[in-house]
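This report covers a strand arrangement and a helix packing. The structure comes first, then the details.

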Amino acid sequence: LRRLDDDSILASGRPTDRDAYMVIADTDAAQISGIRLEVLRDASLPDGGVSRSSSGEVTLTGFNLEAKPAGSRADFKAIPLGDAISRGGSNIKGAVDDDPASGWTLRPGDTGLEAQAIFVPKKPFGFPEGTRLRIRLEHESPAAQRIMGRFRLAMTSAKDPRVGNEIPAAIQAILAIPPAKRTQTQADSLGTYYLSMAPALDPVRERLGRLRGTWNDLSYPSTFVMKELPEPRVSNVLIRGSYLSKGKQVTPGVPTMFNQLPGNAPPNRLSLARWLVTTDNPLVARVTVNRLWMEHFGKGIVETVEDFGSRGEPPSHPELLDWLATELVRQRWSIKAMHRLIVTSAAYRQSSLVTPEALRKDPADRLLTRFPRLRLEAELIRDNALSIAGLLNAITGGPSVFPFQPEGIWNLVYNSDKWRLSEREDRYRRGLYTFARRTAPYPSFMTFDAPSRETICTRRTSTNTPLQALDTLNDPVFFDAARGLARRILLDGPPGIPEKVSFAFRLCTARTPDQRETDRLVALFDKELERLKTNNVSAKKIASGGDVAAPPDADPATFAAWTVVSNVLLNLDETLTKD
């Protein structure tokens, strides 16, 4: 412990899991009625807080007060405490009880202005010839290193020492200074404190508190990822890979072929992050926009998006790649702005129709003579069907969900876990939230070429297999989507069968069907309706299966017939393809 110029005490050295501070001080006061403990921030503590722990928390489990006459060789005698109050933190009574597991706890949000506690003895104490105090501050919490780093002690002989807790000690010190002699910083601190407690501003503070609560509700949870060590770990080349045979020491840096870190920048992760996005670094912006381009066009300007090195493919349009990279930097690395730029470009808004001459000259469409026809990715195929059906649950965030999947996928001999089907709305959440297990992946996604997540995948390959058609025709999720679309047709569609067909076709393909397409779908509906009216069992099985119910007063055979038509529409190549 080291005493600072402002009479505060700062702890240093390697923190232990638990600790106790002993402070001995002399005073001339003979009627001590209270002891004040201030817990202070310090730049030398983690995150400039009050704790010696990176968690920022402090738990004072014991405050023991003893006294004897100053200069006497007599033993210290315990001073029983009658009360304890605090400003900031919680459970101040835990610091004066007999339970070492409870205590006055301060968290990072509790120490905005200052945290203090006042300990009141059962009766004033002291000696005419002066008093020597011995104060023991104990940190015995089961949670490790909840130890205060800087603190200050003061005593008072006031008749009611609790009054001193109403105004922070720092503000009391400023009030003791004549207004003409206060510094601007002191005046600002006084004004800030007044705004925090003035009764006239209660409505404003209440409204501000509600707005902050709303903001907290809208914010996403954060989690601690990493933190730099106070002293960097020494790293060495390991000779032949043996950690017992250390070679020369190595230090952080960047490849010499690139721009170097600024001379005054410490070689840490923050400096590396700034170096990556500096305008002098030509690589990161190019790699980023190339991947964004691939998301929209199926292929990157550099087709090997995972390899920009000498073994990768050269860019098909190097000047375009350079311009997009500079635009990303100019737009302050806004990914949203780059998406908008790409989808509003003439290249993106081209037709996907191809002429024989264009197919002969540019079969792979590397010259961007047309928009490439791209099948949706695995997760989006499912999301697209649910969205068309009006079933997609678009809520953001939350835990993974367990939608429909075929029985037996999780029957693993080395694991007893079961796939427990989620509740109704959660079954239709976006594919992003589907629970993923590498040893038993979601079968529908694997059928449509989703990666297994065992290795990094920067680009997906797209295949065409008969199993994919069987999936979208028979999977419970897709058949529920067909029921949902049939329900929309009956509830929201216009009168007349051809008009309903046109309505459903446009929901699926974003265009109006021609007469030939309309006639074929109307014929399918008529045929299925006639069949299902004579087969009530089949009609009820189609209409009542899954979670999607027919509209009230709807004929089961009619609803089932529209479900069959919807199943066909959801399996059209145009429905599954972006063109």
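## A shared partner

In this predicted model, Phe63 stands opposite Leu137 of strand β11. Tyr21 also stands opposite Leu137 in β11.

## The sheet

The strands belong to an open sheet of four, ordered β3-β11-β6-β7, with antiparallel pairing. Its edge strands are β3 (19-27) and β7 (77-78), and each of these pairs on one side only.

Nine bridges link β3 to β11 in the antiparallel sense. Between β6 and β11, also antiparallel, there are eight bridges. Strand β6 spans residues 62-69 and is joined to antiparallel β7 by two bridges. Glu66 stands opposite Ala78 of β7.

## Two faces of β11

In a regular strand, side chains alternate between the two faces of the sheet. Strand β11, residues 131-139, shows this alternation. Thr131, Leu133, Ile135, Leu137 and His139 point to one face and are buried. Arg132, Arg134, Arg136 and Glu138 point to the other face and are not buried.

## Helices α5 and α6

Helix α5 covers residues 283-297, and helix α6 covers residues 318-330. They pack at an angle of about 105 degrees, with axes 8 Å apart. Roughly perpendicular means 65 to 115 degrees, so α5 is roughly perpendicular to α6.

From α5, the contact involves Ala285, Arg286, Thr288, Val289, Asn290 and Trp293. They meet Leu320, Leu321, Asp322, Leu324, Ala325, Leu328 and Val329 in α6. By class, the contact residues are nine nonpolar, two polar and two charged.

Notes
Residues are numbered from 1 along each chain as its sequence is written. This is a predicted model: local features need pLDDT of at least 70, side-chain atom pairs count only at pLDDT 80 or more; totals for chains, interfaces and linings use all residues. Side-chain values use heavy atoms; hydrogens and water are left out. Two strands pair if DSSP finds at least two bridges between them. Buried means under 20% relative accessible area, exposed over 50%, partly exposed in between (1.4 Å probe, protein chains only). Axes are lines fitted to C-alpha atoms, for helices over the stretch in contact, and angles run from 0 to 180 degrees between N-to-C directions. Angles under 35 degrees count as roughly parallel, over 145 as roughly antiparallel, 65 to 115 as roughly perpendicular and the rest as oblique. Contact means heavy atoms within 4.5 Å. Ala, Val, Leu, Ile, Met, Phe, Trp, Tyr, Cys and Pro count as nonpolar, Asp, Glu, Lys and Arg as charged, and the others, Gly among them, as polar.
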